[in-house]
Amino acid sequence: MVNRSGIALFASLGLLATVSARAESYKEPYRPAFHYTPAVNWMNDPNGLIFADGFFQMFYQYNPVGTVAENQAWGHARGRDLLHWTELPVAIPAVRNAAGQYTDLIFSGSAVQDRQNSSGLGDGRRAPLVAVYANNYLADQTLPNGQHVVAGQQGVSIASSTDGGISWSNYAGNPVIAVPPAPYADQAGAFRDPKVFWYAPGHEWVMVAALSNIHRVILYASDNLKDWRFLSTFGPANAVFGAWECPDLFPLRPQGGGAEKWVLMVGINPGAEYAGSGTQYFVGEFDGKSFTADPDSVHATTPPAGAEIFQDFSSGQSYAALGWTGTGAFAGASPAAETIPGSVTGHVIDSFLTGDSAVGTLLSPAFTIDKPFIDFQIGGGSWPRDPATAGTASDKEATVNLLVDGRVVHSTTGNGLGAMSWRSWDVSGLRGRKAWIEVIDANDGAQGFGHIFVGDILFSDTPQLEANWLDHGPDFYATVTFNDLPESARTAVGWMNNWNYGQVIPTSPWRGQMAIPRSLSLRNTDGRLALVQNPVETLPLLHGALLERSVGNMALDAEHPTRTLDRISGRQLDISADFVPGGADTFGLHVRSGANGERTEIGYSPRTRTLFVDRTRSGDASFSSGFKGRFEAPLAPDRDGHVRIRVLVDTSSVEVFGGDGAAAITAQIFPSAGSVGVDAFAENGSAVLHAIDAWAMRDIH
Ligand code: FRU
């Protein structure tokens with residue numbers, strides 16, 4: 001659904017194409033054409049997003065002298081349309097001592113427009129912008145104002161600008177919050193990423209920040225942005241294995257009416273769905289003091305009510321005694337009695353067996369699928385299945401798979417952690433079918449963490465979720481929203497990267513890109529309010545040539561399992577495809593396809609109701625053993641039975657939206673420059689590509 005007041009707002013701003021302040025070519029290999037990148041050097045989280053003085057201001061974590069995450073300062077870009085950005089000089093540099101050594105890095109935070117000059121930091125002429133950021137002190141030191149801080153301490157500081165965010169002055173009283181209050185004072189080393197907003201009902205500023213290591217957010221209020229009063233904390237809840245970072249808290253009205261709700265978003269790293277970094281959210285209420293999540297937004301850590309246990313390993317009996325068939329190191333083995341964080345069972349399938357190098361397979365007895373979900377906890381190495389190598393000598397997977405008719409219909413690998421997270425497979429389209437569960441460990445551990453563990457396997461009527469993931473891909477992190485836009489135009493920016501490999505991606509002379517800003521809304525999905533996201537309404541400003549408009553029911557079947565869409569090709573595309581499922585297991589699009597089977601697969605699997613992106617053959621993945629993978633998001637077909645998929649393709653990424661923003665998967669890819677093809681496919685059966693629109697996207701540089 002389109003956000004009307006958002007459109008009006010953006011349309012009134014008009015389009016101002018801008019030219020970067022720097023003279024880089026922007027033609028380097030993998031340089032995004034329409035996603036923001038700094039000309040040179042490292043960038044991570046978006047910071048200080050605010051609409052002020054007619055500009056969308058975007059600050060970000062920036063290393064002014066290198067392409068890895070060091071020396072963080074606030075870099076700066078601004079623009080008129082959320083698409084074209086002018087890069088400006090560093091806004092808030094890291095602090096150095098007389099010897100030139102960094103003593104305080106400027107970590108993530110937010111910015112507000114202090115219209116009443118509540119802070120007294122204005123110049124009497126215009127409302128100051130006040131940045132509220134996290135310190136990251138690198139050395140024990142006594143600050144000029146007499147406050148003593150120690151190495152490793154974080155905390156909250158402010159800076160102000162009266163020239164629209166170009167130049168900033170740090171407040172002399174910094175840090176304004178040196179340590180969190182009791183009983184959290186021992187968390188001063190992991191207290192960061194303040195997001196501040198004006199809370200109109202209380203006539204005060206409210207801040208939400210992360211107590212990263214204890215998986216809480218902490219809320220404060222202030223009249224002047226300098227003196228902060230502790231309000232409350234929220235957490236731990238849902239995904240908690242890793243650090244909580246970059247929280248945001250904002251109101252949003254459900255689509256189609258209903259009472260205003262509050263959304264708390266929070267990053268987690270490394271415990272995201274696909275190993276590494278990800279963004280989760282909670283829907284609930286904020287009363288000016290506390291955030292309370294709705295009960296259906298918080299997921300139990302115990303098995304779903306009414307679930308049947310398919311296989312309970314707690315007896316410790318051998319796999320053979322339980323009717324399972326082991327090969328390799330699984331032959332003659334038994335479930336392991338272990339205490340793994342997050343695990344609700346004492347005995348788990350652990351493929352460590354005789355050591356990390358152990359390999360083997362374990363096949364369950366056959367069963368008939370009679371409930372819509374299969375749930376289990378899984379942990380361990382992240383080694384996804386690659387259909388091209390599965391079962392061959394180069395297979396490296398460590399996975400648990402669902403087999404139906406001899407084919408793998410669901411495959412899940414470890415979360416990269418020594419802790420277990422819930423995963424749930426939708427099998428509603430497979431009722432009555434005979435199935436097996438197979439655990440495959442083909443990984444010899446030579447590249448680390450070559451085993452997985454799997455807990456009791458359950459059949460349930462409702463999925464057992466771990467978290468509400470904002471985006472189910474690997475590359476959408478540190479997501480925060482703009483201040484000072486109307487509530488109906490709530491707009492988020494995510495860093496399109498992942499700490500697991502972010503510092504070794506093969507780009508130069510910059511590293512890090514931002515996703516296209518997204519409009520957020522709330523929609524009632526499966527009886528719960530869920531965040532829905534779509535590319536910002538201004539995106540059509542980047543449309544170049546219309547390459548294709550509707551293909552008129554193109555059949556994909558055994559005779560034509562793949563059809564090249566000749567008129568659609570390129571490295572920068574906006575594609576909207578509308579499919580009608582037939583009997584095919586999966587159908588979708590290959591983008592950036594080229595020689596030697598290189599392609600990124602974007603598709604849908606109707607029986608398992610999943611949207612997916614597969615980057616196992618998408619191009620260069622040599623820089624990190626954890627980069628390849630297949631990422632899934634739950635998605636029901638639209639009401640008319642069609643499956644609609646929108647894909648933004650750029651030089652080094654795909655952003656995929658399904659079902660009008662109900663599901664999103666964002667992934668970086670590093671294909672050859674010559675891989676520009678697009679084809680439609682259906683596997684094992686038929687589907688119809690009912691219609692497809694495709695635009696070439698303009699370069700923003
Ligand atoms: C998230 C994060 C933040 C921190 C910043 C440092 O990606 O770790 O918690 O403020 O990056 O650059």
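**Exercises: a ligand site and an open sheet**

A polar side-chain atom of tryptophan 499 lies 2.8 Å from an oxygen atom of the ligand. The model is predicted.

**Exercise 1.** Find which side chains place an N or O atom by a ligand oxygen, and decide whether each pair is a polar contact.

*Solution.*
- Step 1. Take the cut-off: N or O atoms within 3.5 Å.
- Step 2. Check tryptophan 499: its distance is 2.8 Å.
- Step 3. Check arginine 192: an N or O atom of its side chain is 2.7 Å from a ligand oxygen.
- Step 4. Check glutamine 72: here the distance is 3.1 Å.
- Step 5. Conclude: 2.8 Å, 2.7 Å and 3.1 Å pass the 3.5 Å limit.

**Exercise 2.** Describe the shell around the ligand by class and by strand.

*Solution.*
- Step 1. List members: among them are Asn44, Asp45, Phe107, Ser108, Arg192, Asp193, Glu245 and Cys246.
- Step 2. Sort by class: four residues are nonpolar, four polar and four charged.
- Step 3. Map to strands: E1 (41-52), E6 (102-113), E12 (191-199) and E16 (243-252) each supply at least two shell residues.

**Exercise 3.** Work out the strand order of the sheet that contains E43, and how E43 meets E44.

*Solution.*
- Step 1. Read the order: six strands run E40-E49-E42-E43-E44-E45 in an open, antiparallel sheet.
- Step 2. Find the edges: E40 (562-569) and E45 (630-634) each pair on one side only.
- Step 3. Add the twist: it averages 20 degrees from one strand to the next.
- Step 4. Zoom in: five bridges join E43 (residues 600-605) to E44 (residues 610-614).
- Step 5. Pick a pair: glutamate 601 has aspartate 614 in E44 as its bridge partner.

Key: Residues numbered from 1 in each chain as written. Predicted model: local features only at pLDDT ≥ 70, side-chain atom pairs only at ≥ 80, totals over all residues. Heavy atoms only, no water. Near = heavy atom within 4 Å. Polar contact = N/O pair within 3.5 Å; in protein donor to acceptor, adjacent residues only side chain to side chain. Helix = DSSP H or I, 4+ residues; strand = E, 2+ residues; numbered from the N terminus. Nonpolar A, V, L, I, M, F, W, Y, C, P; charged D, E, K, R; others polar. Pairing = 2+ DSSP bridges. Axes fitted to C-alpha atoms, helices over the stretch in contact; angles between N-to-C directions.
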